[in-house]
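Trainee: Could you go through this one with me and explain how each label is earned?

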Amino acid sequence: MAPQRPVRLSLKKPTYAVCVVGVETSVDVYSDVPKGAKTFRVSGSPGVEVFMVYDPARVTVPTGKSHWPLDTNVEVTVSVDAASKDLHDLKVKVSYFGQHEGSVLGHSMLYLTGVDLSLDVDTHRTGKVKRSHGDKKTWRWGPEGYGAVLLVNCDRDSVTSRGPDLTNSQLASLDDLQDMSPMVLSCDGPDRLFDSHKLVLNVPFLDSRRVGVFCARGGNSLEDYKQVLGPQHLSYEVERQQGERKISFFVEGLTFPDADFLGLVSLSVSLVDTETLPEVPLFTDTVAFRMAPWIMTPNTQPPLELYACSVADSHGPNKKFLEDMSDLALKTNCKLIICPRIENRNDRWIQDEMEFGYTEAPHKSFPVVFDSPRNRGLKHFPYKRILGPDFGYVTREILFAGASSLDSFGNLDVSPPVRVGGKEYPLGRILIGSSFPKSGGRRMAKVVRDFLQAQQVQAPVELYSDWLSVGHVDEFLSFVPTSDQKGFRLLLASPSACLRLFQEKKEEGYGEAAQFDGLSHQVNRSINEMLADRSLRRDSLYVQKCIDWNREVLKRELGLTERDIVDIPQLFSLKGSYAEAFFPDMVNMVVLGKYLGIPKPFGPIINGRCCLEEKVRSLLEPLGLHCIFIDDYLSYHELLGEIHCGTNVRRKPFSFKWWHMVP
């Protein structure tokens, strides 16, 4: 709480002041002193505490009736322990003495009115507002930290609203109050005090476009709530009713942290004396909030909903693929949501269009979809079909240039929780694909990178993905959950592992077994032919170098060892200067708990089984995973995508609370 300015006393007339409960008020006992006075004594009525502040090196504490010397800069402060019942019902008396302490040279009288004034929020992050006398205007991270949290009110609780709730200056639904953080103003004191004083809520100018405050006056119906602070309201004179001791407010966030916004906002209340010109704030109480970040969820979190698109092309509708997705969802008790063609406009790449995450405060959390700036056929789906009650929406647009392939969210992933050296990342680290450092190639748009970095809780790592035609990180890596102590494995596409496997099969006498066997629309390639194809080998070894570069970055930035990485056999070929998967890219899988929907590779058949599938099973099934190979060749692979690109998964939020971490 901000301290009040000193109260000056007078020998000629009483002085009147307001004293806030719990706040020490400085009393100026030197401004009007009788001639010849050498010492003074201070006494207070019941309910008033008097404190003497002095330098022990200069002042000897007096005995007896406590006459304090006037020439040693002893300071006097007073405080009250409760609100007054009437105006001026508390008093402080200062008596001045000459050389002989028995003779009183004069008295000053100070009449106090105690007011209990406090602005309180969920400073201790329990989900409830409690009265706090500690530091409320500072925000601290960590399990011992403090400071309130605001949710960005980016869902749409009313079906009549056209946009997210944060765009409304009028409350559209009482349910919307649950998305806001409560704030309570305590204002106990004599009613007559507020005839000459007012309470004013304030928001700093820069914060006014980032926060909104609602208050119900006159009742609790929808019409009674009005926005009292926000983009159009920097201050609000509180409408205190007779006898009212507590006034409730509801605070909403209007924007997530970003490059120009660290996430901190503050609100304050001032007690203002209206009988002075200009009006003087006697006391100000300030509270701080941090905007809750947008948080991604990794493959290791349990799946809740699986999304896919119904589309059709020259090969017909993708009905079989959707049936396979339905079977996969059924195994994991996960709800399948199919986006119909009329809504996706034949755009099947639902992973590229959006990324599911969530936001959380101590009192509530809800999912939030991050809409990518790619803006193709699925452009309107996240806003029109996913935004709704307790389902938020956020996007970032590229203002002066078109989106590149790297701006699609197949190029956005997040690791499971990791420890790197001595630093914990309990919510994992975001991974995005980019150009080779200092090469000047394609990068994800700065506006998106800035947004991800500004959330602070999942420090992004940039990988090198510009060597791929599409350029997405999900083309060469994935994470899968495991039941061992590590809890996950990183899967990396590996041309070297694939060439070794084919060499082994050749040496075992299966050199004539053919890749793409059974695909009528694709020319078969025997193991012997593929191993003898210098161009394919050269391309794959180049790709291996690109992946190995990322491998070292991932080991360093995620604290991984070789034991944490599984190499998935995969060949690539170059089209011009960019790489494409030679056969369906098996790391581009959908992960639903322990069930993996893996693109069917159509590898060489040996003893009735695909040797590529058998190799992947041998790598992953000992980890407790179930490999389900799904034919996506015509509907996805031929269009330079796979199962992960054509699906999207909303997952369960972390149990770990983001405010407990230290970024």
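What follows is a chat about the labels used for this predicted model.

Trainee: Let's start at the surface. What makes Phe205 exposed?

Mentor: Exposed takes over 50% relative accessible area. Phe205 has 62% relative accessibility, so Phe205 counts as exposed. You'll find Phe205 in the loop between strand E12 (197–202) and strand E13 (211–216).

Trainee: Which residues form a nonpolar patch with Phe205?

Mentor: Leu206 and Leu234 join Phe205 there, and together the three have about 330 Å² of accessible area on the surface.

Trainee: Why is Thr72 called buried, given that Thr72 sits in a loop?

Mentor: The label depends on accessibility, and buried means under 20%. Thr72 is at 12%, so Thr72 counts as buried. The loop in question runs between strand E6 (68–69) and strand E7 (75–80). Leaving aside neighbours within four places in sequence, Thr72 is in contact with Arg58 and Val59. As for distance across the model, the C-alpha atoms of Thr72 and Leu387 are separated by 68 Å, with their places 315 residues apart along the chain.

Trainee: Where does UniProt place the "Protein-arginine deiminase C-terminal" domain?

Mentor: The unreviewed UniProt entry puts that domain feature at residues 282–660. Over those residues the chain is 24% helix and 31% strand, and the end C-alpha atoms lie 36 Å apart.

Trainee: Which residues of helix H5 are buried?

Mentor: In H5, residues 446–454, the buried ones are Val448, Arg449, Phe451, Leu452 and Ala454. Their cover includes strand E25 (364–371), strand E26 (392–395), strand E27 (412–414), strand E30 (430–434) and strand E31 (461–464). After H5 comes Gln456, with a positive phi near 75 degrees.

Trainee: How do you know whether Gln458 is buried or exposed?

Mentor: Set the value against the cut-off: buried is under 20%, and Gln458 has a relative accessible area of 3%, so Gln458 is buried. Gln458 belongs to the loop between H5 and E31. The side chain of Gln458 reaches the backbone nitrogen of Met296 at 2.9 Å. Beyond four places in sequence, the residues in contact with Gln458 include Trp294, Leu427 and Phe654.

Trainee: What makes Glu462 and Arg443 a salt bridge?

Mentor: The cut-off is 4 Å between a side-chain nitrogen of Lys or Arg and a carboxyl oxygen of Asp or Glu. The closest N and O atoms of Glu462 and Arg443 are 2.6 Å apart, so the pair passes the 4 Å limit. This pair links distant parts of the chain, 19 residues apart: Glu462 is in strand E31, and Arg443 is in the loop between E30 and H5. Glu462 counts as partly exposed at 33% relative accessibility, and Arg443 is partly exposed too, at 38%.

Trainee: Why do Asp484 and Arg489 get separate accessibility labels?

Mentor: The line between buried and partly exposed is drawn at 20%. Asp484 has 33% and is partly exposed, whereas Arg489 has 12% and is buried. Their side chains meet in a salt bridge, 2.6 Å from N to O.

Trainee: What does the salt bridge between Asp567 and Arg551 tie together?

Mentor: For Asp567 and Arg551, the closest N and O atoms are 2.8 Å apart. Asp567 lies in strand E36 (residues 565–569) and Arg551 in helix H8 (residues 534–558), so the pair ties together parts 16 residues apart in sequence. Asp567 is partly exposed at 24%, while Arg551 is buried at 8%.

Trainee: How many salt bridges does a search of the whole structure find?

Mentor: It finds 38. There is also a network of salt bridges linking Lys600, Arg609, Glu613, Glu614, Arg617 and Glu621.

Trainee: Why point out a positive phi or a cis peptide bond?

Mentor: Because most residues other than glycine have a negative phi, and most peptide bonds are trans. Asn607 has a positive phi, near 55 degrees, and with 67% relative accessible area Asn607 is exposed. Leu640 has a positive phi near 70 degrees, and Leu640 is partly exposed at 41%. The peptide bond joining Leu277 and Pro278 is cis, with omega about -5 degrees. Pro278 is placed in the loop between strand E17 (264–273) and strand E18 (280–291).

Key: Residues are numbered from 1 along each chain as its sequence is written. This is a predicted model: local features need pLDDT of at least 70, side-chain atom pairs count only at pLDDT 80 or more; totals for chains, interfaces and linings use all residues. Side-chain values use heavy atoms; hydrogens and water are left out. Patches are made of residues with over 30% relative accessible area and no salt bridge: like charges are joined within 9 Å, nonpolar side chains (Val, Leu, Ile, Met, Phe, Trp, Tyr) within 5 Å. Accessible areas come from the Shrake-Rupley method with a 1.4 Å probe; for residues, only the protein chains shown count as cover. Helices (H or I, at least four residues) and strands (E, at least two) are DSSP runs, numbered from the N terminus. Buried means under 20% relative accessible area, exposed over 50%, partly exposed in between (1.4 Å probe, protein chains only). UniProt positions are given in the numbering used here, feature names are shortened, and annotations may be inferred rather than shown by experiment. Contact means heavy atoms within 4.5 Å. A polar contact is a pair of N or O atoms within 3.5 Å; within protein, one must be able to donate a hydrogen and the other to accept it, and residues adjacent in sequence count only if both atoms are side-chain atoms.
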